[in-house]
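Subject: Structure for you to look at

Hello,

Here is the structure I promised to pass on. Please open it and keep it beside you while you read my notes below.

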Amino acid sequence: MPFHRYTRDDPVLPTGRDGGARAWPDRVLDRAPVWASVDLRDGNQALAEPMDLHRKKRMFDLLVGLGFKDIEIGYPAASVDDFDFVRELVIKNGIPDDVTVSVFTPARTELVERTFDAIRGAERAVVHLCHATACLWRDVVFGMSRAEVLRMAVTGAEDLVRLAERETGADIRFEYSPETFNVTEPDFALEIADRVAAVVDACPDRPLVLNLPTTVETHSPNVFADQIEWMHRNLDRRDSIVLSVHPHNDRGTAVASAELALMAGADRVEGTLFGNGERTGNVCLVTLALNLFGRGVDPELELSDIDAVREIVEDCNRLPVHPRHPYAGDLVYTAFSGTHQDAIAKGLAALAERAGGDPTNAPWQVPYLPIDPRDVGRDYEAIIRVNSQSGKGGIAYVLKAGWGLDLPVGLRRDFAGVVQDVTDATGRELDPQDVWRLFRETYCADPSAVSRGAADEHEVIEELAAAYGVEFTRVLVADAKDSTVCFVELATATAAFWGVGLAAGAADAALRAGRSALRRAGADAETGVGARPDTGRTESGRGASR
């Protein structure tokens, strides 16, 4: 591959300013940032079928319900739908008192004016001014010098101030994005940001949101963190700036870029639910929020029903969320591997024991599960799924979780081999009902009525052993859901045969279990035991090592 075409130098931070040693690697994230959703603007622009008014309203209501207080609602100068949606929210008083909306505009006077037309009558809003600043864009897209691009920024900021002064009685504030910040010369990015802050007269009571995007992600996240920390230290009016980042995911590291940027001094993160956006998308705010949650930090977003959130986002975007997407995908709390299944099953059992039966009473510590699926609205049904990769621990978990059967170790090994044979033959996954049906067909082989006068399970087994001239090596009785279960192992000269009985009482369960084991061993009243070669498994047989 022509890798030599992609050599890139990392941005060089000027030494004449307050650079200092990196401080961000020693910091930890202990609070949520200001969350800023751009689903209705940046996300919407990236859709093959941009949202209509109904889908826009549904997305807006979802964002409000999740707890977002900072929502970019559109690019009014880009389309009639965007303009009309902004007007509808303003005219119909559709913006909650605790939510601030923003609208996006390029740095062109006629587009800034169209944007102010859209928010006319709003009690408060943020107007977001944006244009590219990097050398490649200056040379190739604009054909402008640094001085000319700086003038574009200043003129755009002057337009913001002039038009905001016309909106008497409204609280209009400003955001500025030097698009392509991450590949802009650092000294120029700082110069242009300071000039815009001065033009809008940013102050602590009316701060400027300075939004620094990785418009196209080209460097590793630590480089972006260094850039953010340098800006954080050197801005003229840092106490009058809300320092924001807007990571894209071209290198697949947008989440890392956002987290390191917050450690480096950023206050705010712009992104979208599940990372929708141009090319590989924006940073996923759900992932960022639940990363905090999983470390014991309040994410300040309500994500306790992740499937409902995903359903709305998929409907509005008309894009699926990947089944492996962190926290929200269909498969992210699921294990197919036998070793993972065994560890999860043991972890859940240990958690229940520590918590006295209620896992919500104990700190979450379960192998392979960073958070409790129930905390985001999932149940435990799909944690362990059975296919040809599954092992005895996971299969046993399915039966215990669904039907209350705690299989003995030997039976776990034996049934794992039965499941393996079926999944190898069919090449498909077995759902819990499939597993239960296979278990009953294999081990609950005696359907006869259970009416006898034996006092207990031991007497039942002794009578069966005497009648058939066999040895039952193990008899275990336990409670199952709505019944008593008995597990019986019958030893012959060549193999071991398990039988299982379910009944209202122990004696009846033992009778069914014993008869089932005898049937599997090929026993009848006249000939005694005659093992069929494919019905029993030895302790070292297939499945014992899984």
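**What surrounds helix α17**

The buried residues of α17 are covered by several elements, including α14 (409-426), α15 (432-443), α16 (457-468), β9 (471-480), β10 (483-491) and β11 (496-503). Keep in mind that this is a predicted model.

Now the helix itself. α17 covers residues 506-521, which makes 16 residues. From first C-alpha to last, α17 reaches 22 Å. That is close to the 22 Å expected at 1.5 Å a residue.

How many of the residues of α17 are buried? The count is 12 of 16, so "mostly covered" is a fair label, with buried meaning under 20% relative accessible area. Among them are Ala507, Asp508, Leu511, Gly514, Ser516, Leu518 and Arg520. Pick them out on your screen.

Then look just after α17. Glycine 522 sits there with a positive phi of about 80°.

**Strands β4, β5 and β6**

Next, go back along the chain. Strand β4 (residues 124-132) and strand β5 (residues 171-179) run parallel, joined by 9 bridges. One pair to find is valine 127 with its bridge partner in β5, phenylalanine 174.

β5 also pairs with strand β6 (residues 208-214). Those two run parallel as well, with 2 bridges between them. Which residue of β6 is the bridge partner of glutamate 175? Look for valine 209.

What links up with β5 and β6 to make a β-α-β unit? Helix α7 (residues 186-199) does, and the unit is right-handed.

Best wishes

Note on methods. Residues are numbered from 1 along each chain as its sequence is written. This is a predicted model: local features need pLDDT of at least 70, side-chain atom pairs count only at pLDDT 80 or more; totals for chains, interfaces and linings use all residues. Side-chain values use heavy atoms; hydrogens and water are left out. Two strands pair if DSSP finds at least two bridges between them. Helices (H or I, at least four residues) and strands (E, at least two) are DSSP runs, numbered from the N terminus. A crossover is right-handed if, with the strands pointing away from the viewer, the path from the first strand over the helix to the second runs clockwise. The expected span of a helix is 1.5 Å times one less than its number of residues. Buried means under 20% relative accessible area, exposed over 50%, partly exposed in between (1.4 Å probe, protein chains only). Contact means heavy atoms within 4.5 Å.
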